[in-house]
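Me: I would like to learn how to read a model like this one. Please take me through it feature by feature.

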Protein chains: 2
Amino acid sequence: MSERHRVVVIGAGFGGLRVVRGLRDVDVEVVVVDQHNFHTFQPLLYQVATAGLDTDDIAYPIRGIFRRQRNATVRVAAVTDVDIGRRTVHTSRGDPLRYDTLVVAAGTISHDFGIPGVSDHTLPLKSVADAVAIRDHVLATFERATFDDQVGHALDVVVCGGGPTGVEMAGGLTELYDRVLRKDYPGLPVGEARITLVEAVDQVLSTFDESLGSKAAATLRKRGVDVVTGVPIARVGDGVVELDDGRRIDAGTIVWAAGVRAAPIADLLGVELGRSGRIVVGDDLSAPRHPEVFAIGDIAVDPERPLPQVAQPAIQGGKHVARQIARRLAGEPTERFEYTDKGSMATIGRNQAVADLPGGLKLSGPVGWLAWLGLHLLYLMGFRNRINVLVNWTWNYLTYDRASRLLAPSDD
Amino acid sequence: MSERHRVVVIGAGFGGLRVVRGLRDVDVEVVVVDQHNFHTFQPLLYQVATAGLDTDDIAYPIRGIFRRQRNATVRVAAVTDVDIGRRTVHTSRGDPLRYDTLVVAAGTISHDFGIPGVSDHTLPLKSVADAVAIRDHVLATFERATFDDQVGHALDVVVCGGGPTGVEMAGGLTELYDRVLRKDYPGLPVGEARITLVEAVDQVLSTFDESLGSKAAATLRKRGVDVVTGVPIARVGDGVVELDDGRRIDAGTIVWAAGVRAAPIADLLGVELGRSGRIVVGDDLSAPRHPEVFAIGDIAVDPERPLPQVAQPAIQGGKHVARQIARRLAGEPTERFEYTDKGSMATIGRNQAVADLPGGLKLSGPVGWLAWLGLHLLYLMGFRNRINVLVNWTWNYLTYDRASRLLAPSDD
């Protein structure tokens with residue numbers, strides 16, 4: 001048994017990775033636990049779902065990331081329990097892991113907010129497997145439709161939720177439909193297929209400046225998306241979304257991008273939880289009565305200053321926590337987490353994106369789009385993935401094609 | 001209902017694609033039936049199995065291929081029956097397909113030759129799904145081993161069959177083990193893991209010139225593969241291969257690359273079958289008493305001149321059959337199929353391949369390897385796939401890495 005201070009990091013997302021990396025030269029032993037053997041670049045999941053990129057373009061094997069970091073080990077397993085009193089993490093495989101410091105960076109899961117039918121009738125978009133399931137569902141629906149006399153609403157899609165994920169998903173779908181599926185299925189009425197984006201509040205991208213939300217909605221509409229705002233979803237049935245105002249939208253594919261809650265591990269800790277089950281943290285990102293427990297990224301919230309659930313708070317929080325662990329070992333007090341807002345971006349597809357940057361700077365159209373492309377390439381993990389994504393984006397852009405549309409065979 | 005001559009092509013492999021393409025400017029209606037919505041570049045399946053390439057690098061959506069060919073339609077479905085009297089193909093979905101000319105190009109399936117235990121205890125390598133299953137099995141075995149006190153033979157692999165697939169698989173595995181898994185799992189005895197290639201006849205690559213087979217075996221041995229030749233496999237159990245001479249080789253992974261037989265559709269036709277269930281064809285590649293039925297590639301055999309079951313006979317046969325269909329429609333007699341031997345190649349991995357070329361020309365070592373790389377890039381379907389494969393190969397070569405090693409989560 002090592003005598004060194006042991007840090008257990010739960011989750012190898014944007015935040016978890018930064019904690020482990022930040023502890024590279026610190027005299028600790030780090031164990032990172034994730035149920036996947038790979039890190040997922042979540043901002044591009046929608047591109048896998050819309051056949052623009054393949055899974056291994058946006059994922060990176062965790063063991064490869066930490067190969068050279070001698071004080072880090074990886075455990076690929078699900079967390080089943082945390083005993084905060086005994087400072088022990090229980091996992092689906094292997095002995096319980098004792099920790100001196102615990103960093104919870106497990107992110108969020110899709111959440112239905114109590115709306116009936118969501119879990120049975122919609123497809124979430126939170127993991128690589130989710131994205132592949134959406135792609136497979138759409139392609140299988142088209143294949144099935146080639147055998148049907150009446151297509152009905154089978155080819156229609158409803159995307160629930162007008163945040164960045166929903167907007168990007170709707171934009172990606174119009175491109176997949178117009179540029180690819182229309183040509184792949186000349187016998188089907190693809191041009192009549194309706195893609196609807198439903199958002200409960202009055203504006204899409206409601207966390208962005210209002211002018212950008214309006215621009216995004218206008219671009220989506222110009223590209224054929226039916227944008228419905230200001231109406232909450234009442235319930236979801238098999239192939240139908242019912243709105244609060246009584247409208248029913250039939251669709252063969254219903255994507256749920258309307259909301260998330262903290263990963264269930266937050267509930268296991270026995271600490272105070274805030275909105276959407278997020279772990280309440282103090283200004284140094286540690287849990288109030290458990291200074292040995294830090295929480296970062298989407299799973300954490302400082303009620304004094306809630307942050308958006310995107311990559312930057314996780315990345316900056318991860319770096320901050322690594323520094324605090326080092327400070328404590330050196331006998332120094334922890335510092336307040338200072339978040340630097342780097343702005344928000346969302347793409348609507350080809351040549352169009354909106355960016356809400358610090359200092360009131362707003363970008364949209366092709367300039368916003370180029371900024372979006374560059375930043376996503378920059379933050380992608382691994383040089384090979386960057387090259388692959390660049391090649392595929394260039395290909396997609398020049399040919400209007402989407403190559404990643406392989407479908408596992410089925411006999412239904 | 002169209003009045004045009006209708007050609008139904010079963011299988012969108014190397015042969016089937018060439019038939020459809022060759023009929024582009026002929027006044028026929030072509031329907032290509034495949035259970036997958038993609039064409040598979042089979043020679044590189046072993047690279048998916050060994051994490052060097054991802055699935056969509058070696059597969060190409062069929063609908064994309066025939067998008068611009070107005071006389072071709074695609075049916076993604078399994079063939080369930082062929083009524084050769086009524087000239088009708090029955091499929092798992094959709095109405096039966098009437099044909100005037102049938103082209104059977106369904107290839108082969110893995111075959112156990114009656115050796116007990118093969119289907120229960122080995123992993124075949126015939127499809128994209130097979131390749132992913134092998135990769136997942138190896139990665140899951142390593143992940144599981146990180147939780148075991150005793151690794152035993154869990155990390156060992158036996159590759160059954162010393163043809164090109166077996167040789168390339170064994171070579172790819174040594175690279176995956178030595179260059180990647182050894183670094184990914186510093187706590188496991190990866191250096192002690194044994195990779196064994198078992199071949200019943202006295203030489204690996206027995207269809208090649210003997211000197212090349214010896215070179216391949218020597219290179220494999222130098223890279224740590226235990227090459228066992230001249231001993232047939234008696235039976236396969238759970239984690240063990242038993243040889244005819246009584247030897248038992250334990251291994252956590254057993255890959256079956258020892259043989260194939262014609263796809264089951266050959267049995268449905270009610271025509272004469274040759275060795276391994278292959279459809280017997282005349283010298284114009286049509287079935288003797290059914291001139292309206294052609295068979296090409298791995299599923300067909302002209303007993304007078306059997307051809308190797310590789311890409312070239314299928315490619316050339318497909319082009320030939322398209323020409324014969326056009327000739328018949330023009331009232332001309334069919335021609336004899338003239339096969340041009342372009343030689344055989346197999347790579348053993350990094351800088352090493354053997355090529356047995358026409359005119360007695362033999363290449364090996366780095367020259368053979370470069371020839372192998374170039375030809376495979378050339379024959380790969382689609383410009384995007386070529387670029388992607390080139391990028392990934394360059395990456396793999398320079399970094400010794402294998403990036404495509406994502407594993408779906410499991411709780412076993």
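Me: By what turn and what shift can chain A be laid on chain B?

Reply: First, the ground rules. This is a predicted model, in which local features need pLDDT of at least 70, side-chain atom pairs count only at pLDDT 80 or more, and totals for chains, interfaces and linings use all residues. Residues are numbered from 1 along each chain as its sequence is written, while chains are lettered from A and ligands numbered from 1 in the order in which they are written. To relate copies, superpose them by least squares on the C-alpha atoms of residues with pLDDT of at least 70 in both. Here a turn of 180 degrees with a shift of 0.0 Å along the axis lays chain A on chain B, at an RMSD of 0.0 Å. That is the relation of a two-fold axis.

Me: Which residue of chain A comes closest to the rotation axis?

Reply: A:N388, with its C-alpha at 3.3 Å. Both copies use the same surface: 100% of the contact residues of chain A recur in chain B.

Me: How many residues of chain A are in contact with chain B?

Reply: The size of an interface is often given as the accessible area lost when the parts come together. Here we count contacts instead: two residues are in contact if their C-beta atoms, placed from the backbone, lie within 7 Å. By that test, 36 residues of chain A meet 36 residues of chain B.

Me: Which element of chain A gives the most to that side?

Reply: Elements are DSSP runs, numbered from the N terminus: helices are H or I with at least four residues, strands are E with at least two. Helix 11 of chain A gives the most, 5 residues. Elements supplying at least two residues include helix 5 (128–145), helix 6 (164–184) and helix 11 (383–399) of chain A.

Me: How do the residues of that side divide by class?

Reply: Ala, Val, Leu, Ile, Met, Phe, Trp, Tyr, Cys and Pro count as nonpolar; Asp, Glu, Lys and Arg as charged; the others, Gly among them, as polar. The side of chain A that touches chain B has 16 nonpolar, 9 polar and 11 charged residues.

Me: What can be said of A:R386 in terms of burial?

Reply: Count the other C-beta atoms, placed from the backbone, within 10 Å of the residue's own: 20 or more is buried, 12 or fewer exposed, in between partly exposed. A:R386 has 16 such neighbours, so it counts as partly exposed. A:R386 sits in helix 11 of chain A. Leaving out residues up to four places away in sequence, A:R386 touches A:L377 and A:L380. The C-alpha atoms of A:R386 and A:D57 are 7.9 Å apart, though 329 residues separate them along the chain.

Me: How many residues of helix 1 of chain B are buried?

Reply: 7 of the 9 residues of helix 1 (residues 14–22) of chain B are buried, so this helix is largely enclosed by the rest of the structure. Among them are B:F14, B:L17 and B:R18.

Me: In what order do strands 15, 16 and 17 of chain A form their sheet?

Reply: Strands of a sheet pair through backbone hydrogen bonds, either parallel or antiparallel. Two strands count as paired if DSSP finds at least two bridges between them. In chain A, 3 strands form an open sheet in the order 15-16-17, with antiparallel pairing. Strand 15 (233–237) and strand 17 (248–250) of chain A are the edges, each pairing on one side only. Strand 15 of chain A is joined to strand 16 (residues 240–243) of chain A by 4 bridges. A:V236 stands opposite A:V241 in strand 16 of chain A.
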